[in-house]
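Hi,

Here is the structure I promised to send over. Have a look at it first, and my notes follow underneath.

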Amino acid sequence: MARTKGSDELFKLIHALTVSEKGYFQKFALRHSGKGNAYLKLFNAINKQTEFEETTLKKVFKDYAVLKVYLFDMIMDSMLIYNRKSSMQNQLLTDIIRIDFLNQKGLAGKANKIAAAALQSARNHEMFWLEDFYSRVLFHTSVRGFTADERIEKNQLFFNGLGNIREKSVEADDYSRIFNDIIGYGNLKSFYNIGFPENFDKEVAEKVKSKSSTLSVTAERNRLECLAMYYYMKRSFSDSYQPAYDAYKLELKLARAKSPLTDNYKLIRAIRGLVIACLHTNRYEEVIKLADAMLKIILPDETKNIENTFFAFTYYQYAYWGSGRHKEGDKFSADKLPYKLIKTNGHAFPHLVLELYRFKMLFEFSNHNYNEVFKTMAHFQSLDLKKLAPDFYKSTEILRIMLQVELGHFDVLKSLVKNAAKHLKPYGLTPFEAEILLMLGRITAADKTAVLNKVKARVEEAKNDFRLFDTFTIGFWLATVLDNRSLGKMIAEEQARPEMM
């Protein structure tokens, strides 16, 4: 179907829901509007679409524009109920509505009991902004019963308490601010070779590197994440390992103690940070153990569990590749790759799926399993992720041409290049990419080396804006053919990218 005019936000929302969320909404709609209502019919019609198409919907549903707006709100209302207990924060936010309602109905005593319990939960979970809010709620409802002397004393205690809460909040937020600055300066260094400012290095040294025993758990979490990312962006990988390891150990300690601050999402984030540090310091066996640990963690969010699984399998691939165990990695990806999960949920995590296929092709290519590479390419293309990842799709087409060169099938190169140029044009084939394709199409048995040297020179000349071929960079492949360098060694040197944290 072709995308028609009009907002596709409702389409995106419906297709972003998990199976259980969709099931809950359907029950919610029936309870609130009666069996067979128009809203549920519209929901099911959009749910069946693979691409947004509005013309047919307008013909089938009377007052479509109104239905569409109401359905969006109805889904949001149902998800507020569905997710109200999915996290402590959501529970405490729901309590705000309950307290307000009870106060309106004159049940201040019951409202205060809920507020007191919510305040204790906010304090236990170091949700400083909610601790501040509930402290105010309780104080302002209690102040009416104070005597004149008590009012002065309680007033001072209350505002001193707010000051302590604010100090902890500012302390934790300060590390978050520094963390975001580290990312910004790190990107400037990567793209424009601009170093970290001296005053910023000094702030990190004074504030982040020196640990205080009085820090809240939240602040310490943020501090360790800050320090690990700082060393990572400075490319000081041996230094980044220890804070990443400390962050992981902190989360494990909280989980084992069954602390109210236990958070499996933060534990997984700490594992990801440690994995990246391990990969850059050749701790590949540790990566495999961490990936094993990731798969044992159960999250309340079904979608996040699926994402976690994809991350874990990607880390297995990194570990096998980095340690040079290509044969084992090839066998692992053939036997263990979660194909069923990829088929049913891959569209929601295209970049993680691409990473899995990237390494599968790397293993097969490095082991000279060329027939398997062709099969993997075909399987990848059957997932229809072309529009979500055009660069990767372009790279597989060029890989197909490279394989024919490897196999010495020079007679098919011209027709392959012609077809590739035609198929890739809608996916943003750049003039440079088209030029490389044409050069590869001219290779013959007699002038293979000469043409490849010209391609190599052109690639090196344009390397600053060369973004083609995500799976194998064409530059790496040329080095294997012309310089007899190991593809495995070159890719291992590249290591994992920071977005995999």
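Just after helix α7, E126 has a positive phi of about 50° (helices are DSSP runs of H or I, at least four residues, numbered from the N terminus). This is a predicted model, so local features need pLDDT of at least 70 and side-chain atom pairs 80 or more, while totals for chains, interfaces and linings use all residues. Numbering starts from 1 along each chain as its sequence is written, and side-chain values use heavy atoms, without hydrogens or water.

Back to α7 itself (residues 108-124): its 17 residues should span 24 Å at 1.5 Å a residue, and the end C-alpha atoms are indeed 24 Å apart (expected span: 1.5 Å times one less than the number of residues). Its buried residues (under 20% relative accessible area, 1.4 Å probe, protein chains only) are A111, I114, A115, A118, L119 and A122. They sit on the same side of α7, because they cover an arc of only 145° around the axis (taken from the directions from the helix axis to the C-beta atoms). Their cover includes α6 (88-104) and α8 (128-142), with contact meaning heavy atoms within 4.5 Å.

Then there's F43, in helix α3 (residues 38-48). F43 counts as buried because its relative accessibility is 0%. Leaving out residues up to four places away in sequence, F43 touches I14, L17, K22, F25, Q26, L71 and I75. T18 is 25 residues from F43 along the chain, and their C-alpha atoms are 14 Å apart.

Cheers

Definitions and conventions:
Helix = DSSP H or I, 4+ residues; strand = E, 2+ residues; numbered from the N terminus. Buried < 20%, exposed > 50% of the residue type's maximum accessible area, 1.4 Å probe, protein only.
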